[in-house]
Amino acid sequence: MSNFNIATLDGDGIGPEVIKQGIKVLNQVGLKFGHTFRFDFAPVGAVAIDETGSPLPDDTLDLCKRSDAIFFGSIGHPRFDNDPSAKVRPEQGLLKLRKELGLYANLRPVAGYDELTHLSPLRPERMKGVDMLIVRELTGGIYFGEKGRRDGGDTAYDTCLYTRPEIERIVKMGFEAAGNRRSKLTLVDKANVMESSRLWREVTREMAGQYPDIELNFMFVDNAAMQLILNPAQFDVIVTSNMFGDILSDASSVLAGSLGLLPSSSIGSQVGMFEPIHGSWPEGAGQDRANPIATILSAAMMLDHLGLVKEGDAIRVAVNATLASGTGTEDLNPKKKVGTEEMGDLIAAALK
Ligand code: IPM
Ligand code: MN
């Protein structure tokens with residue numbers, strides 16, 4: 001029996017309603033296995049900008065630092081998206097949180113569900129055996145390198161910078177993850193063009209000697225984008241830089257049939273952060289339409305990270321059983337359609 005303090009940053013759009021279902025399921029896990037989860041809420045994103053002027057207020061960051069884990073909903077609001085002059089943006093809150101907490105590794109598992117292959121944009125036979133993990137570097141590269149404007153504003157630049165230690169720690173995570181799975185690691189880069197990619201290859205090749213049981217291969221990112229659609233089952237673990245991982249993980253996320261199914265964890269320091277990979281879907285907010293499964297599976301990843309692996313497995317079993325019963329939110333085009341709340345209720349009930 002243990003107690004855990006969870007910093008709960010439910011954020012914008014559908015964030016609060018999907019997080020609510022995650023909490024429901026975690027509380028049920030607590031009852032079943034004798035743990036107590038305390039959820040402390042704090043603002044982040046557009047909500048936080050409205051309340052305080054900052055997308056990541058100091059109080060929110062402090063709460064995260066002293067908690068056991070961070071449960072994150074989603075951020076973003078359309079009013080910022082088409083305003084290139086906006087000085088503060090919700091996304092800055094998320095980037096700062098990752099950087100401040102040293103969350104350099106973003107793990108995004110993508111697996112098909114047999115019941116849902118008809119929802120995949122790929123033909124069912126191409127979805128057979130799809131089970132991969134994208135390990136995305138999260139606190140370096142072009143999203144964090146020097147950026148600016150010159151020539152009176154007419155020349156703009158972003159810099160993709162990586163150091164050897166930054167590459168080593170994420171590639172190590174890739175090798176180790178592969179060791180716990182099907183022992184295959186693919187480094188995705190653009191080493192035919194980019195110097196930073198050539199450093200990634202050099203470092204990864206050097207490290208391969210320490211992992212003789214892992215089959216390592218290299219793939220250019222443009223080819224990888226194509227291969228993810230042609231033959232996604234060939235991948236086990238993909239390790240890649242920040243921007244390539246951002247793009248490829250969104251592309252792969254729909255293979256399973258719905259963006260509403262896929263969880264993620266961001267780890268690297270003591271406290272990890274767990275969030276659905278879908279965004280804030282502002283048009284769907286407050287309508288009881290969002291699929292809470294990505295968030296509920298993120299809660300399962302949180303339990304794994306806290307050392308509660310059988311508890312995490314119990315959530316995954318409950319989700320699978322609920323999906324197998326043919327009940328689902330509208331994105332799953334189910335036999336029996338339910339709303340966000342009821343989907344959360346059903347998964348919590350399946351845990352009993
Ligand atoms: C993600 C998101 C973020 C990113 C944005 C919101 C900054 O797209 O988590 O993938 O690009 O990292
Ligand atoms: Mn993204």
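**An open mixed sheet, a flanking helix and a ligand shell**

In this predicted model, 10 strands come together as an open sheet with mixed pairing, and their order is 2-1-3-12-11-4-5-10-8-9. Strand 2 (36-41) and strand 9 (215-220) are the edge strands, each of them pairing on one side only. From one strand to the next, the twist averages 25 degrees.

At the strand 9 edge, the partner is strand 8 (residues 184-189), and the two run in the parallel sense over 6 bridges. Within this pairing, Leu-187 has Phe-218 of strand 9 as its bridge partner. Helix 9 packs on the sheet here, touching both strand 8 and strand 9, and its direction makes about 105 degrees with that of strand 9.

Helix 9 (residues 221-230) also holds Asp-222, which brings the UniProt record into the picture. The annotation "binding site", from an unreviewed entry, covers Asp-222, Asp-246 and Asp-250. Asp-246 is located in helix 10 (residues 242-253). How do Asp-222 and Asp-246 compare in burial? Asp-222 counts as partly exposed because it has 13 C-beta neighbours inside 10 Å. Asp-246, with 20 other C-beta atoms within 10 Å, reaches the cut-off of 20 or more and is therefore buried.

Asp-246 turns up again around ligand 1, where the surrounding residues are Glu-91, Leu-94, Leu-95 and Asp-246. The most to this shell comes from helix 5 (residues 90-101), which gives 3 residues. Sorted by class, the shell has 2 nonpolar and 2 charged residues, with no polar ones.

Key: Residues numbered from 1 in each chain as written. Chains lettered and ligands numbered in written order. Predicted model: local features only at pLDDT ≥ 70, side-chain atom pairs only at ≥ 80, totals over all residues. Near = placed C-beta within 6 Å. Helix = DSSP H or I, 4+ residues; strand = E, 2+ residues; numbered from the N terminus. Nonpolar A, V, L, I, M, F, W, Y, C, P; charged D, E, K, R; others polar. UniProt positions renumbered as here; feature names shortened; annotations may be inferred. Buried ≥ 20, exposed ≤ 12 C-beta atoms within 10 Å, placed from the backbone. Pairing = 2+ DSSP bridges. Axes fitted to C-alpha atoms, helices over the stretch in contact; angles between N-to-C directions. Contact = placed C-beta atoms within 7 Å.
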